[in-house]
Amino acid sequence: MTTTPMGYGSMHRKEDARFLRGRGNYVDDIALPGMLHGAVLRSPFAHARIVSVDTSAAEAHPKVRAVITGETLAGLDLAWMPTLSHDVQAVLATDKVRFQGQEVAFVVAEDRYSARDALELIDVDYEALPPVVDARRALEPDAPVIRDDVEGRTDNHIFDWETGDKQATDDVFARADVVAVQDMLYPRVHPAPMETCGAVADMDPVTGKLTVYTTTQAPHAHRTIYALVAGLPEHKIRVVSPDIGGGFGNKVGIYPGYVCAVVGSIVTGKPVKWVEDRSENLMSTSFARDYHMRGELASTKDGKLLGIRVKVLADHGAFNGTAQPTKFPAGFFGVFTGSYDIEAAHCEVTGVYTNKAPGGVAYACSFRITEAVYLVERMMDVLAFDLDLDPAELRMKNLLRPEQFPYESKTGWEYDSGDYPRALRKALELVHYDELRAEQAKRREAGGENLLGIGVSFFTEAVGAGPRKHMDILGLGMADGAELRVHPTGKAVLRLSCQTQGQGHETTFAQIVAEELGISPDDIDVVHGDTDQTPFGLGTYGSRSTPVSGAATAVVARRVRDRAKIVASAMLEVSPDDLEWEKGRWFVKGDPEAGKSIQDIAMAAHSSLELPEGVEGHLDASCVYNPPNLTYPFGAYVCVVDVDAGTGQVRVRDFVAVDDCGVRINPMIVEGQVHGGLADGVGMALMQVMAFDEDGNHLGGSFMDYLLPTSMECPSWRLGETVTPSPHHPIGAKGVGESATVGSPAAVVNAVLDALKPYGVRHADMPLTPAAVWSALHGSPLRT
Ligand code: CDP
């Protein structure tokens with residue numbers, strides 16, 4: 001484990017040295033000379049008209065340098081900014097506030113405490129309006145109109161989107177023996193990274209160059225958006241994303257606080273830091289899910305699936321700021337057919353505004369895939385319940401077969417590769433499924449309050465967005481660049497457009513180069529997170545780094561290898577065709593002793609050696625990788641729970657996860673990614689929800705209310721793997737960062753409901769808190 005492999009294999013993260021010694025450099029660690037501090041005044045109301053804002057007392061505070069309001073920004077044409085979904089969002093409110101915690105004013109002061117104190121001195125006169133908290137209420141004809149900033153708008157409807165074949169689906173439903181129907185909610189949750197969001201904006205009044213140090217998963221996209229929004233020349237903007245303490249989708253968008261820090265710096269001529277606190281993060285910067293779903297599965301009486309029909313009401317909050325490629329208003333929800341061989345499928349999604357925070361980020365998943373997987377995996381258990389079939393057997397009967405790949409789903413997604421039955425068999429063996437069922441039968445027979453539940457889920461993810469002809473964000477095509485330079489002494493630097501947030505990119509991307517060139521990962525520096533130093537690209541989210549930037553890395557390394565071949569041929573005075581590659585060197589075919597190492601070649605490429613016609617010196621390459629397709633990782637998960645029928649308390653006793661992400665670059669990092677995602681799943685299934693009261697007050701503004709799972713709630717995960725390489729990825733790798741977050745919630749919920757089966761409980765919504773389980777057992781399910 002401690003020795004450094006010359007390529008793929010488990011090695012400790014290179015970045016651990018600085019993280020473990022407290023030498024990380026996060027946005028809040030940045031301190032620039034003369035730096036000022038910003039704080040945001042937020043709305044106490046979910047919906048209210050702003051009558052007046054009096055900032056005079058705050059401005060008189062001795063340490064305050066500027067107070068910015070919506071009116072100030074309106075004067076600069078910056079009061080509203082575009083969202084990632086072609087809507088607009090208020091930077092600072094001018095007319096109304098539309099969710100509790102919305103940004104109303106920004107104070108810039110000499111220190112953080114004075115900025116916060118001065119917020120108290122701002123006097124805002126609000127006229128309260130009735131809020132719309134429930135997405136179903138949003139569509140009622142008499143519902144208050146939230147977005148009356150848009151001329152002519154008379155309702156809260158955002159979009160209707162559909163996919164699949166309605167007629168074909170209706171036809172298979174008409175001839176089905178059985179139709180299982182279930183309403184379910186994937187509640188609003190929050191990514192809650194350890195580090196909250198923040199920015200330090202530094203506008204140099206002399207050079208006119210703006211540097212923004214910020215918590216972003218997509219530095220290049222942020223730079224372009226700043227240029228478009230603020231009308232600043234793009235070459236005069238530098239976005240630096242230093243170490244990031246977790247993103248999970250929370251750091252994809254541009255938040256009002258970032259823009260206010262930039263304006264604060266322009267107005268004062270000094271660097272301005274804004275870093276939100278935990279409550280601000282939970283209340284205002286993004287959310288995830290909030291999908292009200294109705295699933296219908298049609299099948300024969302022996303459980304052969306025929307069709308799936310889905311209706312979704314999607315709560316997008318007060319501004320449609322959902323992060324996803326333009327053509328996909330419901331993200332990649334189109335993969336709701338899951339991992340199954342289904343004859344026909346149809347789905348309709350309606351998006352609505354409510355008086356809640358905007359955002360709709362893909363919290364550790366590829367644009368709404370978690371919702372899709374949860375729906376189909378819950379529906380499989382509902383069907384198994386109705387048919388009294390074993391849920392694992394029902395899945396095995398309907399899983400896609402290896403010979404069906406590449407497989408085009410009924411909604412038009414081309415799954416690249418897979419052997420699904422093998423993964424499910426492996427998971428069932430690892431968990432000792434048959435023995436567990438026998439134990440369960442015995443316990444049920446004996447009666448008592450200690451219930452055993454076994455939950456299965458099977459997921460297919462779709463990760464690695466583009467290609468750019470199908471996918472863009474705000475018009476920016478989803479392709480990513482990479483540049484590799486080998487220095488004269490054979491050490492290398494790799495520059496990437498993606499941005500690690502703790503996933504270990506500095507290690508794994510160096511390992512890809514190591515595998516291709518035979519240079520030790522320790523001799524390869526990975527540079528990212530600085531738009532002045534890296535090639536353009538759309539960044540890291542939706543597990544796209546390995547599928548896109550990982551592919552770009554392999555391509556540039558191979559280009560360097562090809563260049564090295566020509567240099568080696570000049571050194572060895574043979575034709576390039578006479579050379580053969582082994583990791584780290586080119587040698588003459590049939591004469592292994594006559595060879596040159598990549599380090600020798602690097603020196604020669606920079607030397608006075610006469611190179612063949614048309615070959616420039618040095619050893620470097622660049623590429624822009626436009627992925628031909630998404631990659632489709634998959635997995636089979638089994639969760640085992642004990643449920644106390646007396647209290648409703650759930651204990652996760654065992655969890656087996658078999659993941660297939662194609663070729664694994666660093667198995668240890670892959671396992672770490674899976675562990676984190678499984679904990680996410682336990683959190684969402686059992687304890688997390690961003691709840692609101694009927695006035696729109698946010699009830700999850702701290703970690704006392706919004707509960708994160710700890711080691712106390714998590715079992716010792718047991719992992720397995722299968723390896724089915726992606727046929728179109730240069731190294732056969734698929735993404736994995738989010739697989740476990742996608743696959744695990746359904747396994748946990750299915751396990752709890754399996755325990756409750758003897759009580760006739762067919763479904764209950766997440767989170768399955770003790771109160772929710774107890775209520776379900778007593779016939780009155782809780783509604784979130
Ligand atoms: O985009 P993001 O980094 O969040 O997700 P990812 O591409 O799935 O990668 C997460 C981490 O796992 C990275 O360090 C990858 O290089 C690593 N990984 C791996 O070692 N092998 C794979 N097949 C996939 C990811």
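How many of the 19 residues of α10 are buried? In this predicted model, the count is 17 of 19, and α10 is thus described as mostly covered. Helix α10 comprises residues 369-387. At 1.5 Å a residue its expected span is 27 Å, and the C-alpha atoms at its ends lie 27 Å apart, so the computed length agrees with the expected one. The residue that follows α10 is D388, with a positive phi near 55 degrees.

Strand β31, formed by residues 650-660, is also largely enclosed by the rest of the structure, because nine of its eleven residues are buried; a residue counts as buried when its relative accessible area is under 20%. Strand β31 has pairing partners in β30 and in β32.

With strand β30 (residues 634-644), β31 pairs in the antiparallel sense, over ten bridges. Within this pairing, V638 stands opposite V656 of β31. The two strands form a hairpin, with five residues between them. In the turn of this hairpin, G648 has a positive phi of about 80 degrees.

The pairing of β31 with strand β32 (residues 718-721) is parallel and extends over four bridges. Here D659 has E721 in β32 as its bridge partner. Helix α17, residues 667-686, belongs with these two strands to a β-α-β unit, made by β31, α17 and β32, and the unit is right-handed. Strand β31 therefore takes part in both a hairpin with β30 and a right-handed β-α-β unit with α17 and β32, while nine of its eleven residues are buried.

Note on methods:
Residues numbered from 1 in each chain as written. Predicted model: local features only at pLDDT ≥ 70, side-chain atom pairs only at ≥ 80, totals over all residues. Heavy atoms only, no water. Expected span 1.5 Å × (residues − 1). Buried < 20%, exposed > 50% of the residue type's maximum accessible area, 1.4 Å probe, protein only. Pairing = 2+ DSSP bridges. Right-handed = clockwise from strand over helix to strand, strands pointing away.
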